[in-house]
Amino acid sequence: MATMNEQSDISRPVSTSVERLTAFKGPDLHDLCDAAEAAILQGGGFGWLKPPPRAMMETYWKGILLVPERDLYVARLDGTICGSAQLLRPAPQNEAGAACGTLTTFFLAPWARGHGLALRLVETVEQGATDLGLSVMLLDVRETQKRAIQIYDQLGYQRWGSNPRYALIDGEWMVGHYYSKDLLPGASRDGTGEQEMTE
């Protein structure tokens with residue numbers, strides 16, 4: 001049976017937000033590290049199989065804000081960072097791939113799920129890419145990250161390939177899937193867009 005405190009917590013409204021982060025303020029860095037550690041321990045990390053030392057993780061996040069081609073987006077639950085994703089833009093010398101962005105390092109802490117933040121986080125990254133003039137979003141994901149795959153499917157990403165040796169975990173190879181999505185309304189598969197015929 002729930003206690004009075006538990007009952008009030010259940011009925012209490014929460015605030016949620018998603019934003020691009022350009023500087024750490026207050027407890028942001030600490031909260032981001034905590035959220036990443038929780039996701040890694042639950043199996044939904046972004047490459048790490050176990051949480052690294054805190055100093056290493058803090059250095060990683062601080063470094064992200066210094067990379068010109070990376071934009072860091074975060075989700076907040078009651079003001080606390082609970083997840084993130086990054087938009088990786090093409091390097092200036094990659095003129096052939098200048099229209100394509102990559103969604104990477106997407107995660108949400110297990111304790112923050114159930115508020116629609118994961119979906120909003122991906123949508124906000126997509127909007128950021130569109131605002132920058134990018135027309136295609138690319139991503140890859142490990143087959144075990146079922147919730148992330150559901151979100152990508154829900155948002156219209158198309159799986160175009162798989163790699164049977166995508167990741168080695170505890171001596172076992174995991175399959176990875178590759179996805180893309182046209183960000184421009186009415187874009188065709190060749191990226192030219194559908195043109196309305198008029199006389």
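## Helix α2 and its surroundings in a predicted model

Asp28 counts as buried, with a relative accessibility of 6%. This value, like every other in this report, comes from a predicted model. Asp28 has its place in helix α2. Leaving aside residues up to four places away in sequence, Asp28 touches Leu21, Ala23, Arg76 and Ile81.

### The protein as a whole

The protein has 199 residues, of which 38% count as buried. It contains five helices and seven strands. Read from the N terminus, these elements follow the order α-β-α-α-β-β-β-α-β-α-β-β. The chain also brings together residues that lie apart in sequence: among contacts between residues at least 6 apart, 60% join residues at least 24 apart. The exposed surface of the protein amounts to about 11600 Å², and carbon and sulfur atoms supply 52% of that area.

### Helix α2

Helix α2 comprises residues 28-41, which is 14 residues. From its first C-alpha to its last, α2 reaches 20 Å, close to the 20 Å expected at 1.5 Å a residue.

How many of the residues of α2 are buried? The helix is mostly covered, since 11 of its 14 residues are buried. The buried residues are Asp28, Leu29, Asp31, Leu32, Cys33, Ala35, Ala36, Glu37, Ala38, Ala39 and Ile40. A general point helps in reading such a list: an α-helix has 3.6 residues a turn, so residues three or four places apart point the same way.

Which elements cover the buried residues of α2? The cover includes the helix α3 (54-64) and the strands β1 (16-21), β2 (70-77), β3 (80-88) and β4 (100-108). After α2 comes Gly43, whose phi is positive, near 95°.

### Two aspartates with positive phi

Two residues other than glycine also have a positive phi: Asp78 and Asp170. Each lies in a loop between two strands, as the table shows.

| Residue | Phi | Location | Relative accessible area |
|---|---|---|---|
| Asp78 | near 50° | loop between β2 and β3 | 35%, partly exposed |
| Asp170 | near 50° | loop between β6 (158-169) and β7 (172-182) | 80%, exposed |

Why is Asp170 classed as exposed? The relative accessibility of Asp170 is 80%, and a residue counts as exposed if this value is over 50%. Asp78, at 35%, falls in the partly exposed class because that class covers values between the buried limit of 20% and the exposed limit of 50%.

### Aromatic residues

A search of the whole structure finds eight aromatic pairs. One of them joins Tyr60 and Trp61 in an edge-to-face arrangement, with 4.9 Å from centre to centre and 70° between the planes. Tyr60 is partly exposed, at 25% relative accessibility, whereas Trp61 is buried, with a relative accessible area of 0%. Both residues belong to one aromatic cluster, which is formed by Trp48, Tyr60, Trp61 and Phe107.

### Summary

Helix α2 is mostly covered, and the elements around its buried residues include both α3 and β4. Asp28 is one of those buried residues. By contrast, Asp170 is exposed and lies in the loop between β6 and β7.

Key: Residues are numbered from 1 along each chain as its sequence is written. This is a predicted model: local features need pLDDT of at least 70, side-chain atom pairs count only at pLDDT 80 or more; totals for chains, interfaces and linings use all residues. Side-chain values use heavy atoms; hydrogens and water are left out. Helices (H or I, at least four residues) and strands (E, at least two) are DSSP runs, numbered from the N terminus. The expected span of a helix is 1.5 Å times one less than its number of residues. Buried means under 20% relative accessible area, exposed over 50%, partly exposed in between (1.4 Å probe, protein chains only). Contact means heavy atoms within 4.5 Å. Accessible areas come from the Shrake-Rupley method with a 1.4 Å probe; for residues, only the protein chains shown count as cover. Rings of Phe, Tyr and Trp (its six-membered ring) pair if their centres lie within 6.5 Å; planes under 30 degrees apart count as stacked, over 60 as edge-to-face and the rest as tilted.
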